[in-house]
Amino acid sequence: MGSMPTSHFSGLVAPPRDEIFELLGAFRRDTFPDRVNLGAGVYCTDEGEPMPLQVVREVETAMYEKADPHRHDYRAIEGDAEFLALARDFTFSTACAADRITSVQTVSGSGANHVGARFLAETLRPRCVWLSNPTWANHELIWQTVGVPIRQYPYYNPDTRAFDFEGMMATLEAEAEADDVILLHACAHNPTGLDPNQEQWKAIGALCQRKRIFPFFDNAYQGFASGDPDRDAWAIRYFAQLQQPALEMVVAQSFAKNLGLYGHRAGAFHVVAAGDGCTEGARDAVMANLAQIIRSEYSISPRYGSDIAKTVLGSKVLTAQWYTELQTMSSRIISMRQALYDELVRLGTPGSWVHIVDQIGMFSYTGLTYPEVKYLREKYHIYIHSSGRVSIAGLNTKNVKYVASAIHAVRSNPDAVPSA
Ligand SMILES: Cc1ncc(COP(=O)(O)O)c(C=O)c1O
């Protein structure tokens, strides 16, 4: 007779960890002096250092000096109303009446995605959620967690390295049904860096109207993608102003990237109602349902990051200063895309690389294969996600030539690359 297990957990099977955190751990353990981290989506300076925004530093200093005795207080379950109104206006501007929107504070963008998924799972009870193929890995985990079946719509065409608009529309046209949820990246699609153009967004909006598909926008990069927050919010605002029929939709918002508040978890979730969903009673019920979800999960969102965001958004002077810094961050990323492209072209690296400059935002879907990525890590100490997604923010004027020459070496000599 075998011995009885002594723990309830001894037979537990470990689920796969998110590769991006594994990659970061391996990078930190690597002692090679020229190692390069192109995994995590965290902005770094040209010196490869993290960059607290100047405007954030100023607000922190003022907060510290003020030493408000309430600074450690609990907030309301639904969050800080002033922060939420400013966050809402930052994203929606005047695209639709503010009284169509119910907002709650969340644990950054991931928390907003989760609260949103759970809210829709419990209220809309959709047949399925449509995720782009590919998408941010956490989308799958979050929707699995709330028990909504996942379907995928084509998004990336590996042959053309371009957005597969026709494939997306054909699939949704044929297979999507009323009240299905569709998850859309508001800008700077992660991982591909490929966004629909305005005409394509209009067609997607019309499809949602006609087929009554429910849009869920994930807005993690507003202002960070192009340097212009209004431009990056174009698709959300376009959907929000549609009429006949007006669309109901939701938005998950993060201030992690655009304000550099990664670990402070400042975010919001917005529900945009239409028709009789805009009455006070209906909106109160939406708020109460959201508050109940939040109460059962984390009770109250952190306040340090949202206090900073509120102070910046509430001041014209600080907002202008922030916008200048957004320009600096996005221009550095755009110039690094160009530098990598130029160097690969100069070296005559086999393959086409123009997609690197055509894509937008923090990431580039390079088209590097898994064996190539693995070899780049083992031989050159360059850390890239197995999908070939590169965080352009990890490139700088000192390492871009090294990275390009490594890619060149790998591509020019395929026989040296072991199959993974
Ligand atoms: C597509 C997408 N959504 C949401 C997030 C949320 O990030 P956070 O939870 O740090 O705000 C990220 C961050 O990488 C992202 O890429």
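This report covers the ligand site and one buried arginine in a predicted model.

## The shell around the ligand

The ligand is surrounded by 13 residues. The closest are Ser108, Ser110, Asp218, Tyr221 and Ser254. Sorted by class, the shell holds 6 polar, 4 nonpolar and 3 charged residues.

Helix α4 spans residues 108-123. This helix supplies 4 residues, the largest share of the shell.

## Polar contacts to the ligand

Three residues place N or O atoms close to ligand oxygen, through side chain or backbone. Ser108 uses its side chain: a polar atom there lies 2.5 Å from an oxygen atom of the ligand. Gly109 uses its backbone instead, with an N or O atom 2.8 Å from a ligand oxygen. Tyr221 brings an N or O atom of its side chain to 2.7 Å from an oxygen atom of the ligand.

How much of the ligand does the protein bury? Taken alone, the ligand exposes 390 Å². The protein buries 90% of that area.

## Arg337, a buried charge

Arg337 sits in helix α12, which runs over residues 316-347. The residue is buried, yet it has no salt bridge. Which side chain of opposite charge is nearest to Arg337? It is Asp358, 8.8 Å away. A salt bridge requires a side-chain nitrogen of Lys or Arg within 4 Å of a carboxyl oxygen of Asp or Glu, so a pair beyond that cut-off does not count.

Arg337 does have a backbone partner. Its side chain reaches the backbone oxygen of Ile356 at 2.8 Å.

How values were computed: Residues are numbered from 1 along each chain as its sequence is written. This is a predicted model: local features need pLDDT of at least 70, side-chain atom pairs count only at pLDDT 80 or more; totals for chains, interfaces and linings use all residues. Side-chain values use heavy atoms; hydrogens and water are left out. A residue is near a molecule or strand if one of its heavy atoms lies within 4 Å of it. A polar contact is a pair of N or O atoms within 3.5 Å; within protein, one must be able to donate a hydrogen and the other to accept it, and residues adjacent in sequence count only if both atoms are side-chain atoms. Accessible areas come from the Shrake-Rupley method with a 1.4 Å probe; for residues, only the protein chains shown count as cover. Helices (H or I, at least four residues) and strands (E, at least two) are DSSP runs, numbered from the N terminus. Ala, Val, Leu, Ile, Met, Phe, Trp, Tyr, Cys and Pro count as nonpolar, Asp, Glu, Lys and Arg as charged, and the others, Gly among them, as polar. Buried means under 20% relative accessible area, exposed over 50%, partly exposed in between (1.4 Å probe, protein chains only). Lys and Arg count as positive and Asp and Glu as negative; His and the chain ends are not counted.
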